[in-house]
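Q: I should like to learn how to read the features of a protein model, one at a time. Could we begin with the terms and then turn to the case at hand?

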Amino acid sequence: MARLLIVEDEARLRAYLRRVLEADGHAVDAAESGPQAVQRLRGGGFDLIVLDLMLPGFDGFEVMRQAFDRRADQRVLVLSAVMDVATRVRCLRLGAVDFLGKPFATAELVERVRTRLRTPGAGAPQRWLRVGEVTLDLERQAISLAGREVPLSHREFMLLGHLMRRAGEVCSRRELLAGVWGHTDELGSNVVDATVRRIRGKVPRPVIETVRNVGYAFSAG
């Protein structure tokens, strides 16, 4: 029996997907928003995530990033009405194993889920995340730079991984709070600043750039 997570904000569709996939013999959990999906993922152990992209709280792209932060070989099947080529390519580049558009045929969804559950992984799970000269060890939760390995706390590791996956983009404190701590309370944004300071204190040269009045960005240079 496979364990699935359905992430879909439309209640009737969510209930329908759950019934169909449970009838096919799977154990199914469900979430209706980005933050709720991340909360479910903290329990771990999902063989496949069936994921909508347009979600309250934060979108499916962010759910994927956080899912892959926690488990590099997590399987994600995107189920979305947003079907333009750029969106499909973006999902596949992030690591999704499949993309099915809405509306969909139930038989096709069931068969795609079966197929993705049967498909062997592409070798061992990804261990390293590399951007420029910076390497993040996803197993040891450590950063390697200029031949020096520095261990990180779990929050430092999560924050740096989030920034590295968004290299070249600015991440607001609110986004980082949601992605690393699972909430968006701006009053707690000082924990982001404190965690960045700790990373900077451990790493021999700057890898996180402060973007004034906005947030932070990863610097590979």
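A: Let us begin with burial: a residue is called buried when its relative accessible area is under 20%, exposed when it is over 50%, and partly exposed in between. Please note also that this is a predicted model. Strand 3 illustrates the term: Leu-48 and Val-50 point one way from the strand, Ile-49 and Leu-51 point the other way, and all are buried.

Q: How many helices and strands does the protein chain have, and what does its radius of gyration say about its compactness?

A: The protein chain has eight helices and 12 strands. Its radius of gyration is 18 Å, close to the 17 Å that the globule rule gives for 221 residues, so the chain is as compact as a globular protein of that length. Along the principal axes, the C-alpha atoms fill a box of roughly 55 × 40 × 35 Å. Buried residues account for 46% of the 221 residues. The exposed area is about 10800 Å², of which carbon and sulfur atoms supply 51%. Among contacts between residues at least 6 apart in sequence, 54% join residues at least 24 apart.

Q: How should I read a sheet, and in what order do the strands of the open sheet lie?

A: In general, strands of a sheet pair through backbone hydrogen bonds, either parallel or antiparallel. Here five strands form an open sheet in the order 2-1-3-4-5, with parallel pairing. The edges are strand 2 (27–31) and strand 5 (98–101), each of which pairs on one side only. From one strand to the next, the twist averages 20 degrees.

Q: Which residues stand opposite one another in this sheet?

A: One may follow the sheet from strand to strand. Strand 1 (residues 3–7) is joined to strand 2 by five bridges, and Ile-6 stands opposite Ala-30 of strand 2. Strand 1 also pairs with strand 3 in the parallel sense, over four bridges; there, Leu-5 has Ile-49 as its bridge partner. Strand 3 in turn pairs with strand 4 over three bridges, again in the parallel sense, and the partner of Ile-49 in strand 4 is Val-76.

Q: Which helix lies across strand 5, and at what angle does it run?

A: That is helix 5 (residues 106–118), which lies across strand 1, strand 3 (48–51), strand 4 (76–80) and strand 5. Helix 5 runs at about 175 degrees to strand 5. Pro-103 is found in the loop between strand 5 and helix 5. The peptide bond from Lys-102 to Pro-103 is cis, with omega near -5 degrees.

Q: Is Glu-62 buried or exposed, and which residues does it touch?

A: Glu-62 belongs to helix 3 (residues 60–70). Glu-62 has a relative accessible area of 6%, so it is buried. Setting aside residues up to four places away in sequence, Glu-62 touches His-162, Arg-166, Glu-175 and Gly-179.

Q: Where is Leu-94 found, and which residues is it in contact with?

A: Leu-94 is in helix 4 (residues 85–94). Its relative accessibility is 26%, so Leu-94 counts as partly exposed. Beyond its neighbours within four places in sequence, Leu-94 is in contact with Phe-61, Met-64, Arg-65 and Phe-68. Arg-140 is 46 residues away from Leu-94 along the chain, and the C-alpha atoms of the two are separated by 22 Å.

Q: Why is there no bond between the sulfurs of Cys-91 and Cys-171?

A: A disulfide is a covalent bond between the sulfur atoms of two cysteines. The cut-off used for such a pair is 2.5 Å between the sulfur atoms. The sulfur of Cys-91 is 18 Å from the closest cysteine sulfur, in Cys-171, and is therefore too far for a bond. The count of disulfides is zero. Cys-91 is buried, at 1% relative accessibility, and Cys-171 is buried as well, at 0%.

Q: What is the phi of Asn-213, and is Asn-213 buried or exposed?

A: Phi of Asn-213 is near 65 degrees, a positive value in a residue other than glycine. Asn-213 is located in the loop between strand 11 (208–211) and strand 12 (215–218). With a relative accessibility of 74%, Asn-213 counts as exposed.

Definitions and conventions. Residues are numbered from 1 along each chain as its sequence is written. This is a predicted model: local features need pLDDT of at least 70, side-chain atom pairs count only at pLDDT 80 or more; totals for chains, interfaces and linings use all residues. Side-chain values use heavy atoms; hydrogens and water are left out. Two strands pair if DSSP finds at least two bridges between them. Helices (H or I, at least four residues) and strands (E, at least two) are DSSP runs, numbered from the N terminus. Axes are lines fitted to C-alpha atoms, for helices over the stretch in contact, and angles run from 0 to 180 degrees between N-to-C directions. Contact means heavy atoms within 4.5 Å. Buried means under 20% relative accessible area, exposed over 50%, partly exposed in between (1.4 Å probe, protein chains only). The radius of gyration is taken over C-alpha atoms; the globule rule is 2.2 Å times the number of residues to the power 0.38. Accessible areas come from the Shrake-Rupley method with a 1.4 Å probe; for residues, only the protein chains shown count as cover.
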